[in-house]
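Colleague: I should like to go through this model with you. Could we start once it is on the screen?

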Amino acid sequence: MIELGSVSLAHVGSVRQVRKKIRLLTMQLIDEPLLATRIATAVSELSRHLVDRGGEPRIEVGLRQAEGRTELEICFTDLEPIPRLPFLDAFFDRVEYDRKEGQKHFIRAWCAIPRAGLVDARAASRLRHMVEQKSRDELVTDLEIKNRELVESFENLRRTTFAKERMESELNIGRDIQMSMLPLEFPAFPDRTEFDVHATLVPAREVGGDFYDFFLVDEDRLCVCIGDVSGKGVPAALFMAVTKTLIKSRASNDSSPASILTHVNNEISRQNEASMFVTIFLGVLDLRSGSFTYTNAGHNPPYIKTRSGDLVRLDKRHGPVIGALEDMVYGEDRVELSVGDTLILYTDGVTEAMNVEGELYEEERLVRSLSQESDTVEALVSSTVEEVWLFEGEAQQADDVTVLVARYLGTGTSERIETLTLSLANRLEEIDRTNQEFNAFAETHGLPTALRRQINLVLDELLNNTISYAFGDEGEHQIEVEIELKAGRLVLTIQDDGIPFNPFVGPEPDTSLSVGEREIGGLGIHLVRKVMDEVSYNRRTDRNVVILVKHLQDPPTDIMERTKES
Amino acid sequence: MNISTRDAGGVAVVDVEGNLDTNTAPEAQQHLDALQDDGAQKILVNFTDLDYISSAGLRVLLATAKRMGAAGGSFRICGLNETVDEVFEISGFSMILNVFGNEAEALEGF
């Protein structure tokens, strides 16, 4: 066995060098370009494969001479097992796979060189020189590679420094956007006596995309929400701003939390190229009744602290995080708050706060902290956040800490609300029954005859429309009618699960045409619009909701008397 | 709804009592159609005892007015309560139909 030396396959450039060397070497032994090319190709193919996968591949070249035959021996070594590439068998005469010595894996391949003749010491030395010596090309390539590495590492250093500065400023901009979106003035509603609300967001230095919001949807309903956007910096802040704006705009004419989040989720998911998402808890508090309707989309379950100090966890969940999946339909639940009950919303920055020992704050500590006495919503917010700080101690705050507290204080008056709720099937005869029920309700509560007739007319028009056109199938459907009477107004709500249809968008009929020209279409809705003071249509989740309001000139005597009594 | 016809000096007076709406409009339409089929040339619909009318009822009145007009007959309406009158105003029907305060006024010069 005559060893001719080894070549390291350090980089792609070395594959070309190896090919050249093997070819020249073979040509020294026998002047057969075809054979030389064949062997060189086989060696360079496997070499290229080894270089591409990284590691420390080498090839060792040797000659085996016995019984007048000469074989070229190529040994490929690497730290990883060398794959069994089928083409080797086609190029070489013999291949020995899967060998291992110490840390090194190797395969050996032999190719017979016919008529090579005996290689003497001088010839061997010349061949060795050929294998070992680095050509000028090779040296230049080595140098170029070293040089490139140096430039790269310098560039990396420069880029890291620059990126770090840029990230800092980007985080700051993100933080500014985030904080500017929050209501920060307290008391937020100094002229409202039915509730009290307070909130705070303590931003972390880096990670964090928390937000909170509260606003009056209408005179009688308070919307509260809290959320946590995935990610950080400007993208997270913009995402949060968009989410918050979509919620508020939707909530202005839709008081169902499930419907709001279903809508917001679709808006966000549809164009969510960055695949960001946000956890949201959103609830609407009816300030007259204390009824709290809420939807939880992947957020930490809030608590209710009852007037007597008990803590109730709202652990119902209604769907995945917002932005993950289009066409999700979120559900909602309802809980009745008594006067003095307090809602506590928070983000995972509270429960996942960490102290220097690496312990998490956990919900258990939060519950203990919430159980302490606190007079005002502001005090409850502060004490909750301070407990987290105390726990964290010297440890750096890792995530935004956000807490929102809302207390229901009741209307303080005993204004009566009379309600008539009816469920009817989608048959025209049911309109009659509805009107009869309403007439009885109207009589009980002393509604003026003219008003009663107007509502009869409106019910006839809308229910006829719904029953005749809302359902694409022959099946049985339920239509919900709710009539609410309180001093000053009568509110009529009609809901169905039919095809989405807004009755109030069609053109108004031309009422100035003569008998011959007049068409009757659209007249019913025109009458409804004119007779009622407010009309609105909403698509809530999978329902059409029509709400109509009639202002009462004189409060019904019945209500006046009862108000006097109380 | 109750609907009936009596004769008042050659005028077919149709009294409608109750509601003229989705559920009762078909019957009112049949009743008025039958009168015209029998060759009535003068029809007065008396709404004195009508509680309310919806667009389904207006449709009946419009169809009758069109047919009577085409046949050279006369069609009058009287006795609207506050709500019915409001509906006639909103829909423009008070301008295209011959509406009178009460039966006596409507029959005068019919």
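Modeller: What follows is a short discussion of confidence, chain contacts, helix packing and a few individual residues.

Modeller: This is a predicted model, in which local features need pLDDT of at least 70, side-chain atom pairs count only at pLDDT 80 or more, and totals for chains, interfaces and linings use all residues. Residues are numbered from 1 along each chain as its sequence is written, while chains are lettered from A and ligands numbered from 1 in the order in which they are written.

Colleague: What pLDDT does chain A average?

Modeller: Chain A averages 85, and 94% of the residues score at least 70; pLDDT is the predictor's confidence in each residue, from 0 to 100.

Colleague: Which elements of chain A have the lowest and the highest mean pLDDT?

Modeller: Helix α14 (residues 557–565) of chain A has the lowest, 44, and strand β14 (residues 342–346) of chain A the highest, 97. Over residues 555–566 of chain A the pLDDT stays under 50, and the model has 17 contacts beyond four places in sequence for that stretch. Two residues are in contact if their C-beta atoms, placed from the backbone, lie within 7 Å. Where pLDDT is low, predicted coordinates should not be read in detail.

Colleague: How many helices and strands does chain A have?

Modeller: Chain A has 14 helices and 20 strands. Both are DSSP runs numbered from the N terminus: helices are H or I with at least four residues, strands E with at least two.

Colleague: Turning to the partner, how many residues of chain A are in contact with chain B?

Modeller: 24 residues of chain A are in contact with 22 residues of chain B. On the side of chain A that touches chain B, the elements giving two or more residues are α11, α12 and α13 of chain A, and α12(A) gives the most, with 8 residues. That side divides into 8 nonpolar, 9 polar and 7 charged residues. Here Ala, Val, Leu, Ile, Met, Phe, Trp, Tyr, Cys and Pro count as nonpolar, Asp, Glu, Lys and Arg as charged, and the others, Gly among them, as polar.

Colleague: Which residues meet where α13(A) packs on α3(B)?

Modeller: A:Leu523, A:His526, A:Leu527 and A:Lys530 in α13(A) meet B:Val87, B:Ile90 and B:Ser91 in α3(B). By class, these are 4 nonpolar, 2 polar and 1 charged.

Colleague: Back within chain A, at what angle do α11(A) and α12(A) pack?

Modeller: Helix α11 (residues 429–444) and helix α12 (residues 449–469) of chain A pack at about 155°, with their axes 10 Å apart. Axes are lines fitted to C-alpha atoms, for helices over the stretch in contact, and angles run from 0 to 180 degrees between N-to-C directions. The two helices are therefore roughly antiparallel, a term for angles over 145 degrees.

Colleague: Is A:Val377 buried or exposed?

Modeller: A:Val377 counts as buried because it has 22 C-beta neighbours inside 10 Å. A residue is buried if 20 or more other C-beta atoms, placed from the backbone, lie within 10 Å of its own, exposed if 12 or fewer, and partly exposed in between. A:Val377 is in helix α10 (residues 377–392) of chain A. A:Val197 is 180 residues from A:Val377 in sequence, yet their C-alpha atoms are 6.4 Å apart.

Colleague: And what is the phi of A:Asp327?

Modeller: A:Asp327 has a positive phi of about 65° although it is not a glycine. A:Asp327 counts as exposed, with 9 C-beta neighbours inside 10 Å.

Methods:
Parallel < 35°, antiparallel > 145°, perpendicular 65-115°, else oblique.
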